[in-house]
Amino acid sequence: MANIKSSKKDIKRSQKKAAQNQSVRTALKTYIKKVKTAADATTASDALKKAVSAIDKAAEHGTIHKNQAARRKSRVAKAANKVAAGS
């Protein structure tokens, strides 16, 4: 453990931010899973909108990299199209 007061604060701040980022990443996985498990095209479309919005917000806040956001959006759109084509 650090001895300097500012270092202690940095550690606390870092832990708090890491927990927040983990929460966002977990939520992203949930949104993406809802798109992939959607029963019909309309459900997939609604889930896709929410997933893309959440991905954009995560990238904007720096939780994920902008290129990772683009890749995830591409893949989730592809999954939504697959669901729509199947039903």
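These notes cover how three helices pack in a predicted model and which residues line its largest pocket.

1. Helices α1 and α2. Two packed helices are described by the angle between their axes and the distance between the axes. The axes of α1 and α2 come within 8 Å and cross at roughly 155°. Angles over 145 degrees count as roughly antiparallel, so α1 and α2 are roughly antiparallel to each other. The crossing of α1 past α2 is left-handed.

2. Residues between α1 and α2. On the α1 side, Val24, Leu28, Tyr31, Ile32, Lys34 and Val35 make the contact. On the α2 side, the residues are Ala47, Leu48, Lys50, Ala51, Ala54, Ile55 and Ala58. By class, this contact of α1 with α2 has 11 nonpolar residues, no polar ones and 2 charged ones.

3. Helices α2 and α3. Helix α3 spans residues 66-86. Its axis and that of α2 come within 10 Å and cross at roughly 180°. The pair α2 and α3 is therefore roughly antiparallel. From α2, the contact uses Ala41, Ala44, Leu48, Ala51, Val52, Ile55, Asp56 and Ala59. From α3, it uses Lys66, Ala69, Arg72, Lys73, Val76, Ala77, Ala80, Val83 and Ala84. The contact of α2 with α3 divides into 13 nonpolar, no polar and 4 charged residues.

4. Helices α1 and α3. The axes of α1 and α3 come within 8 Å and cross at roughly 25°. Angles under 35 degrees count as roughly parallel, which makes α1 roughly parallel to α3. Leu28, Ile32, Val35 and Lys36 of α1 meet Arg72, Val76, Ala79, Ala80 and Val83 of α3. Here the classes are 7 nonpolar, no polar and 2 charged.

5. Residues that recur. Leu28, Ile32 and Val35 of α1 are listed in the contact with α2 and again in the contact with α3. In α2, Leu48, Ala51 and Ile55 are listed in the contact with α1 and in the contact with α3.

6. The largest pocket. The largest pocket has a volume of about 160 Å³. Its lining consists of Lys17, Gln20, Asn21, Val24, Ala27, Leu28, Tyr31, Ala54, Lys57, Ala58, His61 and Thr63. The elements giving two or more residues to this lining are α1 (5-36) and α2 (41-60). The largest share, 7 residues, comes from α1. By class, the lining has 6 nonpolar, 4 polar and 2 charged residues.

7. Pocket and helix contact. Val24, Leu28, Tyr31, Ala54 and Ala58 are among the residues lining the largest pocket, and these residues also take part in the contact of α1 with α2.

Note on methods:
Residues are numbered from 1 along each chain as its sequence is written. This is a predicted model: local features need pLDDT of at least 70, side-chain atom pairs count only at pLDDT 80 or more; totals for chains, interfaces and linings use all residues. Side-chain values use heavy atoms; hydrogens and water are left out. On a 1 Å grid over the protein atoms alone, a cavity is a set of points where a 1.4 Å probe fits but cannot get out, and a pocket is an open set with protein on both sides within 12 Å along at least five of seven lines; lining residues have an atom within 4 Å of a point. Grid points are joined across faces, edges and corners, and a volume is the space filled by probe spheres set on the points. Helices (H or I, at least four residues) and strands (E, at least two) are DSSP runs, numbered from the N terminus. Ala, Val, Leu, Ile, Met, Phe, Trp, Tyr, Cys and Pro count as nonpolar, Asp, Glu, Lys and Arg as charged, and the others, Gly among them, as polar. Axes are lines fitted to C-alpha atoms, for helices over the stretch in contact, and angles run from 0 to 180 degrees between N-to-C directions. Angles under 35 degrees count as roughly parallel, over 145 as roughly antiparallel, 65 to 115 as roughly perpendicular and the rest as oblique. A crossing is left-handed if the near helix is turned anticlockwise from the far one by less than a right angle, and right-handed if clockwise. Contact means heavy atoms within 4.5 Å.
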